[in-house]
Each structure stands twice: as C-alpha cells, then as structure tokens.
Amino acid sequence: MNTFLFGIYPYIALSVLFLGSIARYDRDPFTWKTSSSQLLRQRHFAIASILFHVGVLVIFVGHVVGLLTPIWVFDMLHVSHGAKQILAIVAGGIAGVMATIGGGMLLYRRWTDQRIRLTSSFADIAILVLLLAQLLLGLGTVPVSWQHSDGHEMVKFMTWAQMIWTFQPGAADYVAGAALVFKLHILLGLTIFLLVPFTRLVHIASGIFAPLRYLLLRPGYQIVRSRRSSKLPERSAADINKGRIAAAKRPSAAE
C-alpha cells in the first residue's frame with residue numbers, strides 16, 4: 001500500500017493534473033475562471049482574499065523550492081539542513097496561519113451569504129474545505145518538524161519528491177517511516193492536484209501561462225472558436241445591405 005500511495009499515486013495525480021487541464025482548456029476555455037463573488041458582497045472580501053492568496057502563494061513557492069532544489073545546492077550555499085528546517089517552520093507557519101484565517105473567512109462568507117451560496121457549486125465549496133483541511137494538516141506538521149530540527153526528516157521528503165519528479169524507482173521507501181500527519185498532508189496535496197482540472201483551481205495556471213501566451217504567441221487579439229456543428233448559410237450582398245439599412249433606421253438609445 002505504501003508503494004501505491006507514495007510511489008504510483010503521485011504519477012496518477014500529476015498526469016490527471018496536466019492532461020486534464022489541457023483537455024479542459026481545449027474543450028471549455030470559457031469555464032477557465034474563478035467565478036469571483038466579489039460583486040455580490042465586498043465586505044471582508046479584500047482582507048480575506050489577500051490573507052488566503054498571499055499565504056498560499058508563499059507556501060506553494062516554499063514547497064517547490066524546498067522540495068525540488070537539489071540538496072547539493074544548499075550544501076554549496078553553506079545552508080545547513082537545520083537552518084533550512086527552521087526557516088521552513090517559521091515562514092511556513094506564519095504563511096499557514098495567514099492562509100487558514102483568510103480561507104476560513106472566505107468559506108464562512110460563501111456558506112452563510114445566501115446570494116453567494118446560491119451561485120456557488122458543490123465543487124466551489126468542497127475544494128475550499130479541502131484546502132483548509134490541507135492547511136490545518138500543514139500546521140499540524142510544525143510541532144513534529146520542530147522535534148526534528150536537525151533537518152534529517154526534511155531531507156527524506158526532498159529525496160522522495162526529487163525521485164518522483166525524475167522518475168526514479170523506490171521513492172516510496174523514503175516516506176515509509178514518516179509520521180502519519182506528514183503522510184496525510186502528502187496524500188491530500190496529491191488529491192488536490194488531481195482535482196484541479198475539475199474545479200476553479202485551474203485559474204492558478206492562468207497567472208503563469210496567460211501573460212506568456214498573449215505576449216509571445218497571440219499579442220493583441222483573442223481567438224474565439226464556435227461549437228456550431230454546421231456552417232451558417234451564406235448571405236448575398238443584397239441581404240447584407242438590407243440588414244445595414246434596417247439597422248440604420250432603428251432608433252438609437254439616445255433617442
């Protein structure tokens with residue numbers, strides 16, 4: 001079971017994340033949005049959104065850099081494993097508290113405000129609950145990590161993540177003896193990755209790829225593709241002129 005959960009399931013989750021996101025963008029590009037509820041009620045939205053997004057962004061960048069940066073890079077920079085562990089505990093703890101408070105405010109707002117709740121789908125609320133659960137699990141790892149302030153346990157997770165990313169066998173063995181809270185944190189994180197293509201979380205990729213797409217690939221315009229299965233009937237020049245004359249005769253809004 002350990003081999004499946006931490007050696008095979010990561011590839012399932014990441015495959016669904018990448019392939020599912022590509023399929024959704026190709027099939028339903030107009031659903032690639034957050035469906036923000038800010039217009040329905042702005043009270044407390046700004047502070048909650050800032051706390052949540054800043055906290056999650058710091059945590060995400062910290063995880064990516066901390067887990068995927070080769071160990072020899074830290075050794076070359078003379079950053080000890082213990083110092084890196086303390087930095088992860090302090091910065092991650094502060095960011096985790098910020099994101100948890102902001103996420104809790106967003107969930108309370110979405111759940112208690114009748115207008116917002118009516119415009120929210122099951123996935124909107126469920127993914128926010130899962131994110132809050134993941135944040136709480138992450139905060140739950142802080143006391144355990146503090147007991148291993150020498151960074152030895154952290155190196156195991158770094159090795160596991162880098163072996164998964166580079167398709168090396170035996171990665172699951174490095175987390176076999178980890179504390180339960182770490183294992184639950186990893187599994188829930190992978191599950192959230194798996195659910196990204198089916199929820200509003202797909203908008204995260206927009207912040208990374210959208211600027212590059214419009215600046216480098218399609219500057220100045222947007223391509224819109226119709227789902228119409230058959231072509232529109234061709235119109236003659238006379239029909240087009242009639243339409244223009246009829247439109248010119250209609251009273252304007254000012255009149």
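Contact here means heavy atoms within 4.5 Å. Helices (H or I, at least four residues) and strands (E, at least two) are DSSP runs, numbered from the N terminus.

This is a predicted model, in which local features need pLDDT of at least 70 and side-chain atom pairs count only at pLDDT 80 or more, while totals for chains, interfaces and linings use all residues. Residues are numbered from 1 along each chain as its sequence is written, and side-chain values use heavy atoms, with hydrogens and water left out.

**Overall fold and confidence**

The protein chain holds 10 helices and 0 strands. From the N terminus, its elements read α-α-α-α-α-α-α-α-α-α. Of the contacts with a separation of 6 or more, 80% join residues 24 or more positions apart.

The predictor's confidence in each residue is given as pLDDT, from 0 to 100. Its mean over the protein chain is 84, and 84% of the residues reach 70 or more. Helix H9 (residues 203–217) has the lowest mean pLDDT among the elements, 64. Helix H8 (residues 180–195) has the highest, 95.

Buried residues (under 20% relative accessible area; exposed is over 50%, partly exposed in between; 1.4 Å probe, protein chains only) make up 34% of the 255 residues. The accessible surface (Shrake-Rupley method, 1.4 Å probe; for residues, only the protein chains shown count as cover) is about 16,700 Å². Carbon and sulfur atoms account for 69% of that surface.

**Annotated spans**

An unreviewed UniProt entry places the feature "transmembrane region" at residues 6–25, 45–74, 86–108, 120–146 and 174–196. UniProt positions follow the numbering used here, feature names are shortened, and annotations may be inferred rather than shown by experiment. Two of these spans are set out below.

| Span | Helix | Strand | Distance between end C-alpha atoms |
|---|---|---|---|
| Residues 6–25 | 100% | 0% | 29 Å |
| Residues 45–74 | 93% | 0% | 39 Å |

**Helix H8**

The expected span of a helix is 1.5 Å times one less than its number of residues. For the 16 residues of H8 this gives 22 Å, which agrees with the 22 Å between its end C-alpha atoms. Buried residues in H8 include Val-181, Phe-182, Lys-183, His-185, Ile-186 and Leu-187. Leu-188, Gly-189, Leu-190, Ile-192 and Leu-194 of H8 are buried too. Their cover includes helix H1 (2–27), helix H2 (45–68), helix H6 (122–146) and helix H7 (152–165).

**Aromatic pairs**

Rings of Phe, Tyr and Trp (its six-membered ring) pair if their centres lie within 6.5 Å; planes under 30 degrees apart count as stacked, over 60 as edge-to-face and the rest as tilted. The count comes to 2 aromatic pairs. Tyr-11 and Phe-167 are stacked, because their ring centres are 5.5 Å apart and their planes meet at 15°. This pair links distant parts of the chain: Tyr-11 sits in helix H1 and Phe-167 in the loop between H7 and H8, 156 residues apart. Tyr-11 is partly exposed at 25% relative accessible area. Phe-167 is exposed, at 64% relative accessibility.

Phe-157 and Phe-182 form a tilted pair, with ring centres 4.9 Å apart and planes at 40°. Phe-157 belongs to helix H7 and Phe-182 to helix H8, 25 residues apart. Both residues, Phe-157 and Phe-182, are buried.

**Glu-153**

Helix H7 also carries Glu-153. Glu-153 is buried, with a relative accessible area of 13%. Leaving aside neighbours within four places in sequence, Glu-153 is in contact with His-148 and Ala-178.
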